[in-house]
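Reader: I am in my first year and would like a close look at one part of this structure. Please take me through the space inside it and what surrounds that space.

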Amino acid sequence: MKAIHTIRHALGALALGVALAFPTLAGAVDINSADAQTLAEELNGVGLAKAEAIVAYRDANGPFASAEDLTKVKGIGLATIEKNRDTIQVGAGGKSKPARAVAKSD
């Protein structure tokens, strides 16, 4: 029984280590390929209506080049992007990259 507990503990530590080593893999969402339901579930402050607007904008205008391009969607501002900075990925052609932090101007 002690061996099983030790194995579970080790697996839990391993999973935590992987999540910390690869934060963009855990809970990341590609704004260029995710459907509205996924966007609504994964992005803080984005409900289904805003998520549908993101998908509609993407369908009409093509893929987003950066996370900041989301501000072109009505109802999405820089505050929403900042809240989700670690979650947003911008993929193109099957490649994803994490969103970059933007210097804030005063």
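Author: There is 1 cavity of 30 Å³ or more in this structure. The model is a predicted one. The largest cavity holds about 30 Å³ of space. Which residues line the largest cavity? They are L43, V46, I54, L70, I76, T80, I81 and I88.

Start with T80, one of the lining residues. T80 sits in helix α4, which covers residues 78-83. Is T80 buried or exposed? T80 is buried, because its relative accessibility is 11% and the cut-off for buried is under 20%. Now look at what T80 touches. Setting aside neighbours within four places in sequence, T80 is in contact with N44 and V46. V46 is also among the residues that line the largest cavity.

Next, the nonpolar core. The largest one has 18 residues. Which of them touch the most other members? They are I31, L39, I54, L70, I76 and I88. Three elements each supply at least two residues of this core: α2 (36-42), α3 (48-61) and β2 (88-92). Of the core's contributors, α3 gives the most, with 3 residues. Compare this with the cavity. I54, L70, I76 and I88 appear among the core residues with the most contacts to other members, and these four names also appear in the cavity lining. There is a general background to this. In soluble globular proteins, nonpolar side chains tend to be buried together.

I81 is another lining residue, and it leads to T71. T71 lies in the loop between α3 and α4. T71 and I81 are 10 residues apart in sequence. In space, their C-alpha atoms are 8.2 Å apart. Do not count residues up to four places away in sequence, and T71 touches I76, G77, L78 and I81. Two of these, I76 and I81, are cavity-lining residues. Is T71 itself buried or partly exposed? T71 counts as partly exposed, because its relative accessibility is 37%.

L70 also lines the cavity, and it can be paired with R58. R58 is in helix α3. The two residues, R58 and L70, are 12 places apart in sequence. From C-alpha to C-alpha, R58 and L70 are 9.4 Å apart. R58 counts as buried, because its relative accessibility is 12%. What does R58 touch, leaving aside neighbours within four places in sequence? Its contacts are I31, N32, S33, A34, P63 and F64. I31 is one of the core residues that touch the most other members.

Charged pairs come next. Side chains of opposite charge can pair when their charged atoms come close. The whole structure has 3 salt bridges. One joins the side chains of E68 and R85, at 2.8 Å from N to O. This pair links distant parts of the chain. E68 is in the loop between α3 and α4, and R85 is in the loop between α4 and β2. The two are 17 residues apart. Both E68 and R85 are buried.

R85 has another partner. The side chains of R85 and E82 meet in a salt bridge at 2.6 Å, N to O. Salt bridges with shared partners join E68, E82 and R85 into one network. How do R85 and E82 compare in cover? R85 is buried, because its relative accessibility is 10%. E82 is partly exposed, because its relative accessible area is 28%.

One more salt bridge joins the side chains of K72 and D69, at 3.5 Å from N to O. D69 is buried, because its relative accessible area is 16%.

Now step back to the whole chain. It has 4 helices and 3 strands. Along the sequence, they follow the pattern α-β-α-α-α-β-β. Of the 106 residues in the chain, 29% are buried. The chain exposes about 7000 Å², and carbon and sulfur atoms supply 60% of that area. Take contacts between residues at least 6 apart in sequence: 44% of them join residues at least 24 apart.

Return, last, to the cavity. T80 lines it together with residues including L43, V46 and I81. T80 is in helix α4, and V46 is one of its contacts.

Methods: Residues are numbered from 1 along each chain as its sequence is written. This is a predicted model: local features need pLDDT of at least 70, side-chain atom pairs count only at pLDDT 80 or more; totals for chains, interfaces and linings use all residues. Side-chain values use heavy atoms; hydrogens and water are left out. Buried means under 20% relative accessible area, exposed over 50%, partly exposed in between (1.4 Å probe, protein chains only). Contact means heavy atoms within 4.5 Å. Accessible areas come from the Shrake-Rupley method with a 1.4 Å probe; for residues, only the protein chains shown count as cover. A nonpolar core is a set of buried Ala, Val, Leu, Ile, Met, Phe, Trp, Tyr and Cys residues joined through side-chain atoms within 4.5 Å. A salt bridge is a side-chain nitrogen of Lys or Arg within 4 Å of a carboxyl oxygen of Asp or Glu. On a 1 Å grid over the protein atoms alone, a cavity is a set of points where a 1.4 Å probe fits but cannot get out, and a pocket is an open set with protein on both sides within 12 Å along at least five of seven lines; lining residues have an atom within 4 Å of a point. Grid points are joined across faces, edges and corners, and a volume is the space filled by probe spheres set on the points.
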